[in-house]
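Hi,

Here is the structure I promised to pass on to you. Have a look at it first, and then read on for what came out of it.

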Amino acid sequence: MARLIIISNRLPFSVDRDGGQVKIRQSSGGLVSAIKSYFESDITGGQSITERMWMGVADFSKDDWNNEVSPLMEKYDFTAVPLFIDKPLYKDYYNGFSNSVLWPLFHYFPSVAEYQSNYFDAYTQVNLQFADALAPLLRPDDVIWIHDYQLMLLPELLRLRQPDAMIGFFLHIPFPSYEILRLMPTEWKMSLLRGLMGADLVGFHTYDYVQHFIQSVRMVLGADNYFHNIQYHNRLVKIDLFPIGVDYKKFNRSAYDPEILDLRNEVKRNFEGKKIIFSVDRLDYTKGLMDRLNGFEYFLTQYPEWQEKVVFILNVVPSRDEIPAYADRKRNIEEKIGTINGKFSSISWQPVIYRFNHLPFNELAALYQAADVALITPLRDGMNLVAKEFVASNATQRGVLILSELAGAASELNEALLVNPTDIKDVSNAIVKALTMPLAEQKQRMALMQKRLADYDVVKWVTDFLDQLVNVKKDQEKLKTKLLDDRTMEQYQRKYQQAARRCLLLDYDGTLVPFARLPQDAMPSSELKELLAKLSGDEKNHVVIISGREANTLEKWLGYLPISLVAEHGASFKMKHENWQQSVPMSDQWKEEIRPVMQKFVSRCVGSFIEEKTNTIAWHYRNTHPDLGFSRSRELINNLTQMLQNTLLQVIDGNKVVEVRMSGFDKGIMALKIVNETNPDFVLCIGDDTTDEDMFKALGPDAFTLKVSNGPTAAHYTVLSQLNVLPLLNELTQPLTSASYANT
Ligand code: GDG
């Protein structure tokens with residue numbers, strides 16, 4: 001039995017005063033109608049949700065809430081948690097950072113963005129207020145779903161307060177390409193991305209937005225992805241697309257509602273003999289109203305035969321008029337409408353019927369049904385529900401949708417006439433095509449779009465998201481099952497204490513030391529040296545450093561210790577108190593063939609470099625652009641694999657490194673050889689890389705094998721980070737007490 005907590009900037013209702021009486025009015029907009037339809041359905045999704053809560057900023061005072069509004073909420077099917085924010089702070093957070101930085105930037109209007117630091121401070125403060133107000137109310141069974149660009153910091157802030165919480169986030173607007181995001185001050189973009197990565201599931205409308213987000217996380221936070229999964233701060237975060245739908249049945253049925261039908265017929269009568277083109281949009285520069293009017297004007301000029309035979313009903317809904325970027329638009333648009341009407345009108349005909357108001361639902365539905373063409377051409381739009389509502393409302397399947405290819409909805413509504421909104425010729429041609437489209441074709445296109453919208457309606461959107469959120473939690477649990485816990489640690493500690501002969505096989509980079517930008521910088525710390533001295537000082541221990549490093553380096557850094565060293569994955573080795581030897585005597589003539597190929601990749605991928613070792617040659621791409629480095633590494637592996645067919649050489653795909661070496665030895669063969677020769681009764685093996693998997697597999701069930709990092713592995717257990725390794729080794733040697741090793 002779970003509780004669903006929806007968190008959005010505003011509560012889903014506002015309060016009106018009618019005379020002295022307070023009235024609650026449901027807000028309009030995509031999210032509110034989506035969640036409302038879900039609440040009204042009896043479907044609950046992945047969790048059986050039994051309670052609902054909605055948190056958001058109130059548009060009424062605390063006193064009004066306590067005295068008048070709160071009692072009215074009793075009849076609603078959710079608990080409202082209003083947040084009261086000081087007006088000046090709210091202004092900087094909402095008009096400021098949300099709508100004068102994020103909104104323009106994420107809709108590809110960088111020149112409109114105003115990078116003021118007080119805006120970001122206010123945004124941070126309001127997100128903190130949300131977190132502080134919610135944290136004390138949280139219960140372990142809560143499913144938290146945060147919505148939209150005003151609350152991008154909130155997932156992380158909640159995660160800090162409640163580490164195990166189930167948190168989903170959905171962005172309703174586009175997520176821009178990295179090239180746009182990087183325009184923002186570094187601290188801001190890092191905070192926003194870190195904020196979102198506090199969620200377990202981050203949802204977007206389209207595949208492109210998902211890809212943009214993943215790329216930004218890779219570039220800004222340096223986290224790696226595996227398809228749509230990102231391992232971040234030892235937690236699996238899933239990124240996926242959930243294209244929001246509409247309440248299909250509600251719009252489709254509206255065609256049979258007598259009141260709406262009357263209104264529709266009235267509109268038809270008023271414009272008898274004329275085709276109706278319809279648009280409804282908030283007054284926003286992203287909606288492309290000016291370009292749309294230019295397109296319509298061009299159409300009337302180019303195709304005069306349509307004059308008097310068509311009307312364009314343009315309904316503009318007031319919006320954000322306190323923000324300067326919005327204020328002038330209204331005047332410009334109205335002037336343009338005046339110009340078109342002045343230029344083309346006759347005594348009996350006016351081409352543009354313009355209204356600036358919010359339509360009641362019935363009127364909106366009637367216009368959707370009366371329209372022959374819906375002209376929806378935003379310059380950018382996260383999704384655009386108007387397009388989907390028009391399609392859903394067309395029960396007769398008459399009517400044509402002209403849709404901007406830059407709206408998220410275009411990726412689903414392929415049967416619409418897709419246009420570039422700034423290309424007035426394209427828009428004009430699409431209008432002609434729509435007005436002359438044969439009925440059979442209209443129906444065919446409509447039917448295909450309607451099927452898709454009916455299948456993935458708004459309730460499906462909600463349940464799909466909630467199901468995926470539950471699945472991510474399950475996947476996180478699965479990964480945790482290998483995580484070394486205190487009890488297992490204690491068992492091995494006991495076995496260690498009881499053993500007479502122990503073999504400790506330890507990888508070096510990424511295991512005993514963290515990765516450095518350049519291999520030569522990853523020198524052993526004094527803490528590591530002390531630990532290795534202590535371990536090797538115990539005569540029951542045989543300590544083996546088994547690495548991809550070359551012999552010289554291992555000798556220089558660790559050769560003074562009474563331990564064994566295995567270099568270049570086993571190509572050469574030095575057993576304790578003995579001299580270095582080659583595993584397989586070989587010439588390194590073959591490197592002459594490989595070096596030029598790798599050199600070509602060095603020049604094709606800035607930041608990559610070659611490391612030559614005695615028996616291997618490696619191309620490192622740790623310091624490159626992550627996407628380029630990865631894709632070049634795939635190309636290189638491809639080239640090398642073809643070159644090395646039927647040779648004794650092999651290609652190894654390591655951790656940000658591609659290596660070529662002679663086949664016939666690997667860490668697994670070497671580890672097994674050492675274990676067989678010394679016959680220990682306790683074997684510990686720790687590593688982080690793909691090459692260490694050979695050891696985990698070779699050593700089999702009796703060894704205590706441990707992988708650093710939380711991915712698929714043949715090791716028996718995992719530890720979350722390299723930082724856990726030295727404390728773990730220390731702990732192993734301690735006599736058994738109640739002290740516990742913390743795997744965090
Ligand atoms: C965000 C994203 C994304 C509009 N005018 C009237 C009216 N509306 C209703 C429509 C529709 C909604 O408002 C507008 O649709 P949007 O798609 O623009 O939704 P928003 O919530 O504003 O915007 C957008 C959406 O979130 C969902 O994720 O699609 O890209 O910007 O439902 O019907 N409703 C009435 N009168 C009007 O005059 N009754």
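A residue is taken to be near a molecule if one of its heavy atoms lies within 4 Å of it. Please keep in mind that this is a predicted model.

With that cut-off, 20 residues surround the ligand, and the closest are His172, Leu359, Asp381, Leu385 and Glu389. Several polar approaches to ligand oxygen atoms turned up. Asp381 places a polar side-chain atom 2.5 Å from an oxygen atom of the ligand. Leu385 comes to 2.7 Å from a ligand oxygen atom, here with a backbone N or O atom, and for Gly382 a backbone N or O atom lies 3.0 Å from an oxygen atom of the ligand. On its own the ligand would expose 720 Å², and the protein buries 87% of that.

Now to the domains. The assignment splits the protein chain into domain 1 (2–241), domain 2 (248–455), domain 3 (483–584 + 665–738) and domain 4 (591–662). I looked at how domain 1 meets domain 4. Their centres, taken over C-alpha atoms, are 44 Å apart, and the contact involves four residues from domain 1 and five residues from domain 4.

About 410 Å² is buried between domain 1 and domain 4, with carbon and sulfur atoms giving 42% of this area. On the domain 1 side, Arg218, Met219 and Asp224 lose the most area to domain 4, and together they make up 84% of what that side buries.

Which charged contacts link the two? The count between domain 1 and domain 4 is two salt bridges. In addition, a salt bridge joins the side chains of Asp224 and Lys656, at 2.6 Å from N to O. To be clear, that pair is one of the two just counted, with Asp224 in domain 1 and Lys656 in domain 4. Four residue pairs are in polar contact across this interface, and the domain 1 residues that touch domain 4 divide into one nonpolar, one polar and two charged.

Best wishes

Definitions and conventions:
Residues are numbered from 1 along each chain as its sequence is written. This is a predicted model: local features need pLDDT of at least 70, side-chain atom pairs count only at pLDDT 80 or more; totals for chains, interfaces and linings use all residues. Side-chain values use heavy atoms; hydrogens and water are left out. Domain bounds come from an automatic or database domain assignment. Contact means heavy atoms within 4.5 Å. Buried area is the accessible area (1.4 Å probe) that two parts lose on being put together, summed over both. A salt bridge is a side-chain nitrogen of Lys or Arg within 4 Å of a carboxyl oxygen of Asp or Glu. A polar contact is a pair of N or O atoms within 3.5 Å; within protein, one must be able to donate a hydrogen and the other to accept it, and residues adjacent in sequence count only if both atoms are side-chain atoms. Ala, Val, Leu, Ile, Met, Phe, Trp, Tyr, Cys and Pro count as nonpolar, Asp, Glu, Lys and Arg as charged, and the others, Gly among them, as polar. Accessible areas come from the Shrake-Rupley method with a 1.4 Å probe; for residues, only the protein chains shown count as cover.
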